[in-house]
Amino acid sequence: MHQSVEHDELDDALRRCGAGWNAAQAHGFLCSRLAVQGQPAAASWFERILEDSDPQSASCVECRSMLEELFGASYRQLAERQSEFEPLLPDDAASAAARAEALAHWCEGFLHGLVSGPHPDQLKAKLASEPISEIIKDTLEITRATAQKDDQAEAGGETTEQAWTELVEYVRVAAQLTYEELAAFRSPAAPPADESIH
């Protein structure tokens with residue numbers, strides 16, 4: 001992702017502060033909550049991600065700072081339709097299995113964010129209609145994704161990498177399309193700001 005928050009760094013921070021979410025899940029959840037609520041999603045997102053942690057601990061303070069940076073960057077990228085938006089996932093140096101697991105977790109978080117919380121009938125109808133209904137169906141399939149065994153991946157590494165690239169691109173575009181499709185359901189908000197969300 002084109003920002004200073006890296007997947008592994010945030011993943012470690014979330015683990016240290018006792019959060020029940022990993023980095024990919026947290027970002028997937030954030031992207032769908034932004035699509036549904038926009039900037040007002042901040043408070044409930046922070047609360048949900050850090051609900052199992054001690055807010056006074058140094059590790060939690062550090063983690064929250066990283067989450068604030070991730071929130072601001074993700075919101076700006078989606079709201080301004082920036083082409084560098086990407087799901088927060090391990091880099092290419094990670095194993096195929098680790099990347100597939102993280103992508104599945106991202107999709108789980110994304111789906112959870114779409115269906116959680118009270119939804120008016122109009123929003124429910126929108127989620128049940130195309131293209132969002134198709135995105136939900138496809139994303140659910142990706143949550144079941146598993147990487148090939150290491151020996152198989154080594155034998156067909158190029159095919160595995162191509163499939164990975166295509167899945168990540170699909171998820172990236174799906175998140176942006178969902179954000180655009182749900183624009184009418186979000187409260188008007190101020191233009192994205194560079195400051196951290198508190």
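This is a short tutorial dialogue on reading the features of a predicted, helical model.

Trainee: Before we start, what kind of model is this?

Mentor: It's a predicted model, where local features need pLDDT of at least 70, side-chain atom pairs count only at pLDDT 80 or more, and totals for chains, interfaces and linings use all residues. Residues are numbered from 1 along each chain as its sequence is written, and side-chain values use heavy atoms, with hydrogens and water left out.

Trainee: How many helices and strands are there in the protein chain?

Mentor: Helices (H or I, at least four residues) and strands (E, at least two) are DSSP runs, numbered from the N terminus. Here the protein chain has 9 helices and 0 strands.

Trainee: What share of the residues is buried?

Mentor: Buried means under 20% relative accessible area, exposed over 50%, and partly exposed in between, with a 1.4 Å probe and protein chains only. Of the 198 residues in the protein chain, 45% are buried.

Trainee: And which residues have the most contacts inside the largest nonpolar core?

Mentor: A nonpolar core is a set of buried Ala, Val, Leu, Ile, Met, Phe, Trp, Tyr and Cys residues joined through side-chain atoms within 4.5 Å. The largest one has 50 residues, and Leu10, Leu14, Trp45, Leu67 and Trp106 have the most contacts inside it. Helices giving two or more residues to this core include H1 (7-16), H5 (96-115) and H9 (157-181). H2 gives the most, with 9 residues.

Trainee: Let's zoom in on tryptophan 45. What is it in contact with, leaving aside neighbours within four places in sequence?

Mentor: Contact means heavy atoms within 4.5 Å. On that basis, tryptophan 45 touches Ala26, Phe29, Leu30, Leu67, Leu70 and Phe71.

Trainee: How do I read a pair of packed helices?

Mentor: Two packed helices are described by the angle between their axes and the distance between the axes. Axes are lines fitted to C-alpha atoms, for helices over the stretch in contact, and angles run from 0 to 180 degrees between N-to-C directions. Angles under 35 degrees count as roughly parallel, over 145 as roughly antiparallel, 65 to 115 as roughly perpendicular and the rest as oblique.

Trainee: At what angle do H2 and H3 pack?

Mentor: About 155°, with the axes of H2 and H3 10 Å apart, so the two are roughly antiparallel. Ala26, Phe29, Leu30 and Gln37 of H2 make the contact with Ser44, Trp45, Arg48 and Ile49 of H3.

Trainee: What about H2 and H4: which residues meet there?

Mentor: On the H2 side, His27, Leu30, Cys31 and Leu34 meet Leu70, Phe71, Ser74, Tyr75 and Leu78 in H4. The angle between H2 and H4 is about 45°, with their axes 10 Å apart, so this pair is oblique.

Trainee: Leu78 again! How far is leucine 78 from glutamate 180 in space?

Mentor: They are 8.5 Å apart, C-alpha to C-alpha, though 102 residues apart in sequence. Glutamate 180 lies in helix H9 and, at 37% relative accessibility, counts as partly exposed.

Trainee: Any backbone oddities worth a look?

Mentor: Most residues other than glycine have a negative phi, and most peptide bonds are trans. Arginine 81 has a positive phi of about 55° although it is not a glycine. Arginine 81 sits in the loop between H4 and H5, and its 60% relative accessibility makes it exposed.

Trainee: Where is proline 131 placed?

Mentor: In the loop between H6 and H7. The peptide bond from glutamate 130 to proline 131 is cis, with omega near 5°.
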